[in-house]
Amino acid sequence: MKITKRQLKRIVRSSLLESSRAGEAFDEGYSDATQERGLNPRRQGDMDYMQGFEMGEEDIQYDRERAVHHKVGLE
């Protein structure tokens, strides 16, 4: 069974959130990145928030690239 880099990141994120109280900050950063596309992060000094924000940005980029490939029939 193959696992993509994105799937691995989600698995790691899930396990980290279960073992960390910083999960709320991470979730807030992820939510800000995915729901408020293009805005600057609100809490740049919070490492957990920024990790969530960056992962959200990566997921948006992945989804855009996938949509483009799907649209052109490459998938």
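The paragraphs below lead through this predicted model, from its helices to the contacts between their side chains.

The protein chain has three helices and zero strands, and from the N terminus on its elements run α-α-α. Of the 75 residues in the chain, 24% count as buried. Helix α1 covers residues 5–18, helix α2 covers residues 23–35, and helix α3 covers residues 47–72.

Helix α2 offers a convenient place to begin. With 13 residues, α2 reaches 18 Å from its first C-alpha to its last, which is close to the 18 Å expected at 1.5 Å a residue. The buried residues of this helix are G23, A25, F26, G29, Y30, D32 and A33, a list that includes the acidic residue D32. The relative accessible area of D32 is 8%, and because buried means under 20%, D32 falls within that class. The side chain of D32 makes a polar contact with the side chain of R42, at 2.7 Å.

Salt bridges can be followed next. Side chains of opposite charge can pair when their charged atoms come close. A search of the whole structure finds eight salt bridges, and three of the pairs described here join helix α1 to helix α3. In one of them, the side chains of D63 and R6 meet with a separation of 3.4 Å, N to O; since D63 lies in helix α3 and R6 in helix α1, this pair ties together parts that are 57 residues apart in sequence. D63 itself is partly exposed, at 40% relative accessibility.

Another salt bridge brings together the side chains of E58 and K9, at 2.3 Å, N to O, and it links distant parts of the chain, with E58 in helix α3 and K9 in helix α1, 49 residues apart. Both partners count as partly exposed, E58 having a relative accessible area of 38% and K9 one of 31%.

R10 forms a salt bridge with D59, the closest N and O atoms being 3.0 Å apart, and here too the pair links distant parts of the chain, R10 belonging to helix α1 and D59 to helix α3, 49 residues apart. The two partners fall on opposite sides of the 20% limit for buried residues, because R10 is partly exposed at 34%, whereas D59 is buried at 7% relative accessibility. Elsewhere, salt bridges that share partners join E28, D32, R42, R43 and D46 into one network, so that D32, buried in helix α2, appears again among these charged residues.

The aromatic side chains provide a further feature. The structure holds one aromatic pair, formed by Y49 and F53, which are stacked with 6.2 Å from centre to centre and 25 degrees between the planes. Because Y49 and F53 are four residues apart in helix α3, they are separated by about one helical turn. Both residues are buried, Y49 at 0% relative accessibility and F53 with a relative accessible area of 4%.

On the surface, finally, I3, L8, I11, V12 and L16 form a nonpolar patch with about 450 Å² of accessible area together. One of these residues, L16, lies in helix α1, the helix that also contributes R6, K9 and R10 to the salt bridges with helix α3 described above.

Definitions and conventions. Residues are numbered from 1 along each chain as its sequence is written. This is a predicted model: local features need pLDDT of at least 70, side-chain atom pairs count only at pLDDT 80 or more; totals for chains, interfaces and linings use all residues. Side-chain values use heavy atoms; hydrogens and water are left out. Helices (H or I, at least four residues) and strands (E, at least two) are DSSP runs, numbered from the N terminus. Buried means under 20% relative accessible area, exposed over 50%, partly exposed in between (1.4 Å probe, protein chains only). A polar contact is a pair of N or O atoms within 3.5 Å; within protein, one must be able to donate a hydrogen and the other to accept it, and residues adjacent in sequence count only if both atoms are side-chain atoms. Patches are made of residues with over 30% relative accessible area and no salt bridge: like charges are joined within 9 Å, nonpolar side chains (Val, Leu, Ile, Met, Phe, Trp, Tyr) within 5 Å. Accessible areas come from the Shrake-Rupley method with a 1.4 Å probe; for residues, only the protein chains shown count as cover. A salt bridge is a side-chain nitrogen of Lys or Arg within 4 Å of a carboxyl oxygen of Asp or Glu. Rings of Phe, Tyr and Trp (its six-membered ring) pair if their centres lie within 6.5 Å; planes under 30 degrees apart count as stacked, over 60 as edge-to-face and the rest as tilted. The expected span of a helix is 1.5 Å times one less than its number of residues.
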